[in-house]
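I opened this entry to record what I looked up about the ligand site and the pockets. Backbone oddities come at the end.

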Amino acid sequence: MNKSVSFTAVIPAAGIGQRMACDYPKQYLPINGQAMLSHSVRLFLEHPAIERVVVALNCQDQWFSGLEIANHSKISTVIGGEQRVDSVLAALDVIESNQWVLVHDAARPCLVKDDLDKLITLAKNNQCAILASPVRDTMKRAVSGIIDHTVDRNELWHAMTPQSFPCGKLRQVLREALIAGVNVTDEASAMEWAGEAVHLVTARQDNLKVTHPEDLALAEFILARQKR
Ligand code: CTP
Ligand code: MG
């Protein structure tokens with residue numbers, strides 16, 4: 001195990017939250033008295049193994065500077081881009097290549113330390129990994145709204161964040177994948193394309209991504225339960 005690995009968290013927070021249909025970006029919605037983004041970043045700020053937290057903000061952001069975390073000594077910001085991958089790349093550009101990065105969506109406020117620690121342990125063993133949860137429902141493939149067949153769910157996982165990779169490698173692979181026209185919806189999708197081994201780490205199901213309005217109450221409930 002390599003104990004001298006250094007970690008930087010990358011928080012893409014430059015989205016506009018279109019599906020949330022609120023007046024301002026969803027990462028600033030209050031959950032139990034704090035902005036969603038503050039919840040998502042807190043674990044990384046408190047974690048002794050994490051040296052820095054780089055947050056990618058929208059070029060029109062007018063809310064971040066008002067958060068208490070904005071002045072935290074571990075935090076720095078960059079301007080994100082049009083797609084999530086562009087925001088992640090903008091952050092990777094200011095991080096030393098030999099760091100390991102933990103990329104975590106601003107829209108996932110319910111991450112717990114135990115799950116984060118699983119990724120850190122794997123990284124210390126030089127293993128790329130993402131949090132994920134096995135699919136529970138019976139899965140169907142459909143053609144024009146009619147079921148074609150049932151897909152074997154044993155092979156299916158929900159991909160979550162954080163996702164953990166060496167910074168230099170991830171930066172290179174993301175750039176190459178974009179040039180090749182790969183649809184890079186998460187970091188792992190580019191690494192898979194490049195043939196890199198990426199481990200799936202079973203995480204708590206409640207590490208949900210707040211996407212639609214109805215997800216907000218669920219996140220409030222989960223965070224309130226965690227606090228108790
Ligand atoms: N994100 C980003 N830069 C973008 C788009 C998204 O940093 N150009 C971030 C979001 O802020 C979010 C994370 O990526 O923390 C996951 O994206 P998603 O849940 O899709 O958020 P939005 O893109 O903001 O929402 P929507 O797709 O509904 O517009
Ligand atoms: Mg989006």
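**Ligand 1**

I started with the contacts of ligand 1 and found an oxygen atom of the ligand 2.7 Å from a polar backbone atom of Q18. The model is a predicted one, and I read each distance below as a computed value.

I then looked for other backbone contacts. A backbone N or O atom of A13 lies 3.3 Å from an oxygen atom of ligand 1. On the nitrogen side, I noted a nitrogen atom of ligand 1 at 3.4 Å from a polar backbone atom of Q83.

How much of ligand 1 does the protein bury? Taken alone, the ligand exposes 560 Å², and 88% of that is buried by the protein.

Next I listed the shell. There are 19 residues around ligand 1, and those that come nearest are G17, Q18, K26, S87 and K209. Q18 thus turns up both in this list and in the 2.7 Å backbone contact. By class, I get six nonpolar, seven polar and six charged residues in the shell. I also checked which elements give two or more residues to the shell around ligand 1, and they are β1 and α2.

**Largest pocket**

Which pocket does ligand 1 take up? The space taken by the ligand is the largest pocket. I noted a volume of about 870 Å³ for the largest pocket. Its lining holds 34 residues, and the closest to the pocket centre are G15, R19, K26, R84 and K209. K26 and K209 are on this list and also on the list of residues nearest ligand 1.

For the lining of the largest pocket, the elements giving two or more residues are β1 (7–13), α2 (84–92) and β10 (157–166). β10 gives the most, with four residues. I sorted the lining by class and obtained twelve nonpolar, 14 polar and eight charged residues.

**Second largest pocket**

I moved on to the second largest pocket, which has a volume of about 320 Å³. It is lined by 15 residues, and S133, H158, M160, Q205 and L208 lie nearest its centre. Two elements are entered as giving two or more residues to this lining: β7 (129–134) and β10. The largest share, three residues, comes from β10. The class split for the second largest pocket is six nonpolar, four polar and five charged.

I therefore have β10 down as a contributor to the linings of the largest pocket and of the second largest pocket.

**Backbone checks**

Which peptide bond is cis? I found a cis peptide bond joining T161 and P162, with omega at about 5°. P162 lies in strand β10, the strand that I had already entered for the lining of the largest pocket.

I also looked at phi values. N126 has a positive phi of about 65° although it is not a glycine. I located N126 in the loop between α3 (113–124) and β7; β7 was entered above for the lining of the second largest pocket.

How values were computed: Residues numbered from 1 in each chain as written. Chains lettered and ligands numbered in written order. Predicted model: local features only at pLDDT ≥ 70, side-chain atom pairs only at ≥ 80, totals over all residues. Heavy atoms only, no water. 1 Å grid on protein atoms, 1.4 Å probe; cavity = no way out; pocket = protein on both sides within 12 Å on 5 of 7 lines; lining within 4 Å. Points joined across faces, edges and corners; volume = space filled by probe spheres on them. Nonpolar A, V, L, I, M, F, W, Y, C, P; charged D, E, K, R; others polar. Near = heavy atom within 4 Å. Polar contact = N/O pair within 3.5 Å; in protein donor to acceptor, adjacent residues only side chain to side chain. Areas by Shrake-Rupley, 256 points an atom, 1.4 Å probe, with all protein chains shown as cover. Sits in = over half its atoms within 2 Å of the grid points.
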